[in-house]
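This report describes the fold of one protein chain, from its strands to its core. Please look at the sequence and the structure before reading on.

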Amino acid sequence: MPLDFTKHFIAVSTEFKLKNNTVCSWKVTVKLMNDKVTLDQGWATYAAVHQIKIGYMVTLKLLTPDTLKVIIFDDDGIEVVNKCGKHDEAFAAKE
C-alpha cells in the first residue's frame with residue numbers, strides 16, 4: 001500500500017493478523033520497500049495456501065490496528081471461499 005494511504009492508520013504495525021472468511025487467521029510481517037508498505041514474511045505462504053492466482057483481486061480492510069480482513073475475488077469477480085486447512089503453524093496467528 002502506498003505510504004500516503006498509511007496516514008489513515010493510527011500507527012502502522014510491523015506485524016498484521018490476516019482474517020478471511022474462515023475462523024483461521026495468519027500473521028504476516030510488514031516491510032517498507034520503494035516508498036510502499038508491503039506484506040512480507042507469511043504472505044507467500046498465505047497466498048499459496050489460499051491459492052491466490054494472477055488475475056485475482058485481494059481487498060484488505062483494517063479491522064483493528066493490527067488486524068486486516070482479507071477478501072479474495074477470482075478472475076470472474078466471484079468471492080473465493082476458502083476452507084481452513086492445515087497450514088504452517090509458524091504463520092498461524094494466536095487468538
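How many bridges join β1 to β2, and do these strands run parallel or antiparallel? The two strands run antiparallel and are joined by 5 bridges. One such pair links L18 to W26 in β2.

The model is predicted: local features need pLDDT of at least 70, side-chain atom pairs count only at pLDDT 80 or more, and totals for chains, interfaces and linings use all residues. Residues are numbered from 1 along each chain as its sequence is written, and side-chain values use heavy atoms, leaving out hydrogens and water.

The chain has 2 helices and 5 strands (DSSP runs, H or I of at least four residues for helices and E of at least two for strands, numbered from the N terminus). Their order from the N terminus is α-β-β-β-α-β-β. The 5 strands form an open sheet with mixed pairing, in the order β3-β2-β1-β5-β4 (strands pair if DSSP finds at least two bridges between them). β3 (36-39) and β4 (57-64) each have a single partner strand, so one side of each lacks a neighbour in the sheet.

The largest nonpolar core has 12 residues, among them W26 and V80. Such a core is a set of buried Ala, Val, Leu, Ile, Met, Phe, Trp, Tyr and Cys residues joined through side-chain atoms within 4.5 Å; buried means under 20% relative accessible area, with a 1.4 Å probe and protein chains only.

| Chain property | Value |
|---|---|
| Buried residues | 29% of 95 residues |
| Exposed area | about 6400 Å² |
| Carbon and sulfur share of exposed area | 56% |

Accessible areas come from the Shrake-Rupley method with a 1.4 Å probe.

Definitions and conventions
Buried < 20%, exposed > 50% of the residue type's maximum accessible area, 1.4 Å probe, protein only.
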